[in-house]
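Load the structure in a viewer and keep the selection tool at hand. The tour goes from one selection to the next.

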Amino acid sequence: MDSWLRYEQLTIFATAGFLLSLIITVITIPFVNKIGIKYHIIDIPNRRKIHKDNIVRLGGLSIMIAYILGIIIICKVSIFFQLFEIDINYIRIILFCSFLYFTLGVIDDIKNLNPLTKLISQIGIGTFVYLSGPQFNGI
């Protein structure tokens, strides 16, 4: 297959994945906001904050849901139509480590972690991804 055509397919596929994730995020935000309000998971403004009103601290949950569903759906479509070769083990590693980053953010929201603890945790997760093998061989 011509490399230019392959590049166009990849561009269309990536754009579709982005739009799918965007739509899922927009759809889930109202539900996540209701959960945050119901369980009082809100960020109250203080002198260190930019926002003036209370905001729900669960915005990352909508993004994470959309990210995971977007990747899963795009991978399933790609495998079904044999569009691109996908190593599912690498996808699992990336999703697992993304979930770890998300969990670290939630814990930081709840417990307000020490910056050094967050940094060391992020370096550990990043090192795990690097050592596990997913690589980008080209753009």
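The stops below cover a helix, a surface patch, aromatic pairs and salt bridges. Keep in mind throughout that this is a predicted model.

**Helix α4**

Select residues 115-132, which form helix α4. Its 18 residues should span 26 Å at 1.5 Å a residue, and the end C-alpha atoms are indeed 26 Å apart, so the two values agree. Now add Asn 114, which caps the N-terminal end of α4. One of its side-chain oxygens lies 2.7 Å from the backbone nitrogen of Leu 116. At the other side of the helix, select Gly 133, which follows α4 and has a positive phi, near 110°.

**The nonpolar patch**

Next, show the surface and select Leu 69, Ile 73, Val 77, Phe 80 and Phe 81. Together these residues make a nonpolar surface patch of about 480 Å². Leu 69 belongs to helix α2 (residues 59-81). With a relative accessible area of 37%, Leu 69 is partly exposed.

**Aromatic pairs**

How many aromatic pairs does the structure hold? There are two. For one of them, select Phe 96 and Phe 128: the ring centres are 6.4 Å apart and the planes stand at 70°, so this pair is edge-to-face. Phe 96 sits in helix α3 (residues 88-111) and Phe 128 in helix α4, so the pair ties together parts that are 32 residues apart in sequence. Phe 96 is partly exposed at 45% relative accessible area, and Phe 128 is partly exposed at 41%.

Then select Phe 99 and Phe 102, an aromatic pair that is tilted, with 6.4 Å centre to centre and 40° between the planes. Both residues lie in helix α3, three residues apart, or about one turn of the helix. In an α-helix there are 3.6 residues a turn, so residues three or four places apart point the same way. Phe 99 has 43% relative accessibility and counts as partly exposed.

**Salt bridges**

The structure holds two salt bridges. Select Asp 43 and Arg 57, whose side chains meet in a salt bridge at 3.9 Å, N to O. Asp 43 is in strand β1 (residues 42-43) and Arg 57 in the loop between β2 (55-56) and α2; the partners are 14 residues apart. Asp 43 is buried, with a relative accessible area of 13%, whereas Arg 57 is partly exposed at 31%.

Finally, select Asp 108 and Lys 118, a salt bridge whose closest N and O atoms are 3.2 Å apart. This pair links helix α3, which holds Asp 108, to helix α4, which holds Lys 118, across ten residues of sequence. Is Asp 108 buried or exposed? Asp 108 is buried at 16% relative accessible area, while Lys 118 is partly exposed at 24%.

How values were computed:
Residues are numbered from 1 along each chain as its sequence is written. This is a predicted model: local features need pLDDT of at least 70, side-chain atom pairs count only at pLDDT 80 or more; totals for chains, interfaces and linings use all residues. Side-chain values use heavy atoms; hydrogens and water are left out. Helices (H or I, at least four residues) and strands (E, at least two) are DSSP runs, numbered from the N terminus. The expected span of a helix is 1.5 Å times one less than its number of residues. A polar contact is a pair of N or O atoms within 3.5 Å; within protein, one must be able to donate a hydrogen and the other to accept it, and residues adjacent in sequence count only if both atoms are side-chain atoms. Patches are made of residues with over 30% relative accessible area and no salt bridge: like charges are joined within 9 Å, nonpolar side chains (Val, Leu, Ile, Met, Phe, Trp, Tyr) within 5 Å. Accessible areas come from the Shrake-Rupley method with a 1.4 Å probe; for residues, only the protein chains shown count as cover. A salt bridge is a side-chain nitrogen of Lys or Arg within 4 Å of a carboxyl oxygen of Asp or Glu. Buried means under 20% relative accessible area, exposed over 50%, partly exposed in between (1.4 Å probe, protein chains only). Rings of Phe, Tyr and Trp (its six-membered ring) pair if their centres lie within 6.5 Å; planes under 30 degrees apart count as stacked, over 60 as edge-to-face and the rest as tilted.
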